[in-house]
Each structure stands twice: as structure tokens, then as C-alpha cells.
Amino acid sequence: MTLIGNLGKDPDVQFLEGNIAVAKFPLATTETYKDRNGKLVSQTEWHTVVLWRGLAELAQKYLHKGSLVYIEGRLHTRNWEDKEGNRRSVTEVVGDNLIMLDKKGDAPGQTPPDPMEGYPGDMAPPPADAGLQ
């Protein structure tokens with residue numbers, strides 16, 4: 001499953017036993033189409049996204065309400081019984097891949113890591129547009 005959308009709120013990050021990070025946030029995806037009369041109609045769906053370990057820590061550090069992200073993942077349904085004995089279930093998107101789509105400087109506070117960071121000056125990879133005219 002692939003989703004592109006905006007975070008509805010800042011990621012809620014918790015650390016489980018063994019210091020395993022898990023992040024959860026609502027993601028809004030919007031589909032726009034024309035109806036029979038040619039009028040544009042927008043339809044927004046909300047998804048609960050769950051990220052584990054390194055992706056959760058990345059989300060905690062760089063994502064915020066409104067961030068535009070690309071998520072690849074799979075659906076996972078959890079079932080439980082509530083206090084009144086009613087059977088409940090929720091379907092979540094468990095993310096396997098995350099790409100931040102905000103333009104540099106869009107995010108308040110911290111910006112995504114520079115891909116050149118950590119390379120010695122003469123060992124840095126060529127820019128993505130090198131050699132393209």
C-alpha cells in the first residue's frame with residue numbers, strides 16, 4: 001500500500017520495553033475528481049499510521065502536524081475487548097518506508113538531514129543534477 005498525505009497532528013512517540021520506539025499519527029489523503037457536472041470534488045480519508053524503531057525516531061525528530069509524507073506499508077487489524085466487554089477492532093497502516101516530501105525550510109524548527117552531511121569534502125557524491133544540462 002502506498003499513501004501520500006499530510007499529518008493530522010504531531011507524531012505520538014512512545015518507547016516500549018527494550019527502548020523500542022513506536023510512533024503513531026493520523027494521515028490525511030485527499031482525492032480530487034470531477035463529478036458529472038464537471039465540478040471539482042475533494043474527498044479526504046484519514047488513516048492511522050504506525051512506524052517502528054528507526055522510522056519512529058525519524059518521525060519524532062522531523063515530522064510535525066501538516067508534514068507531507070510518502071508512506072509504503074501494509075494494513076494491520078488489531079482486535080480487543082473494551083471495558084464493557086464489547087469486541088473492538090482498528091485497522092492501521094504499518095509503515096515500512098517513509099519519504100519526507102516537505103521542501104527544505106517548510107518544517108518549523110529542524111530541517112531534514114542534508115544528504116551530503118557526513119562525507120569528507122573530497123568524497124562527497126556528485127549532486128543529483130551533475131552532468132545534466
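## A salt-bridge network around Glu 92

In this predicted model, Glu 92 pairs up with Lys 24 in a salt bridge whose closest N and O atoms sit 3.3 Å apart. These two come from distant parts of the chain: Glu 92 belongs to strand 6 and Lys 24 to strand 3, with 68 residues separating them. Glu 92 is buried, at a relative accessible area of 4%, while Lys 24 counts as partly exposed at 34%.

Glu 92 has another partner too. Its salt bridge with Arg 78 brings the closest N and O atoms to 3.0 Å. Since Arg 78 is in strand 5 and Glu 92 in strand 6, this pair ties together parts 14 residues apart in sequence. Arg 78 is partly exposed, at 36% relative accessibility. Through the shared partner, Lys 24, Arg 78 and Glu 92 end up in one network.

## Arg 74 and Asp 96

The structure has four salt bridges, and one of them joins Arg 74 to Asp 96, with 2.9 Å between the closest N and O atoms. Here the link runs from strand 5 (Arg 74) to strand 6 (Asp 96), spanning 22 residues of sequence. Arg 74 is partly exposed, with 45% relative accessibility.

## The nonpolar core

Now for the greasy part. The largest nonpolar core has 17 residues, and the ones touching the most other members are Phe 25, Leu 27, Leu 51 and Ile 71. At least two core residues come from each of strand 1 (2-7), strand 3, strand 4, helix 1, strand 5 (68-81) and strand 6. Strand 3 gives the largest share, four residues.

Take Leu 27: leaving aside residues up to four places away in sequence, its contacts include Leu 3, Leu 7, Trp 46, Val 49, Val 69 and Ile 71. Glu 45, His 47 and Asn 6 are also among the residues that Leu 27 touches.

## Helix 1 and its buried face

Helix 1 covers residues 53-62, and Leu 55, Ala 56, Ala 59 and Tyr 62 are buried in it. Looking down the helix axis, these buried residues fall within an arc of 155°, so they line one face. That fits the general rule: with 3.6 residues a turn in an α-helix, residues three or four places apart point the same way. The cover over the buried residues of helix 1 includes strand 2 (12-16), strand 3 (20-34), strand 4 (40-52) and strand 6 (87-100).

## The hairpin of strands 2 and 3

Strand 2 and strand 3 run antiparallel to each other, paired over five bridges. Val 13 stands opposite Ala 23 of strand 3. Three residues sit between the two strands of this hairpin, and in the turn Gly 18 has a positive phi of about 85°.

Key: Residues numbered from 1 in each chain as written. Predicted model: local features only at pLDDT ≥ 70, side-chain atom pairs only at ≥ 80, totals over all residues. Heavy atoms only, no water. Buried < 20%, exposed > 50% of the residue type's maximum accessible area, 1.4 Å probe, protein only. Arc of directions from axis to C-beta. Contact = heavy atoms within 4.5 Å. Core = buried A, V, L, I, M, F, W, Y, C linked by side-chain atoms within 4.5 Å. Pairing = 2+ DSSP bridges. Salt bridge = Lys/Arg side-chain N within 4 Å of Asp/Glu carboxyl O.
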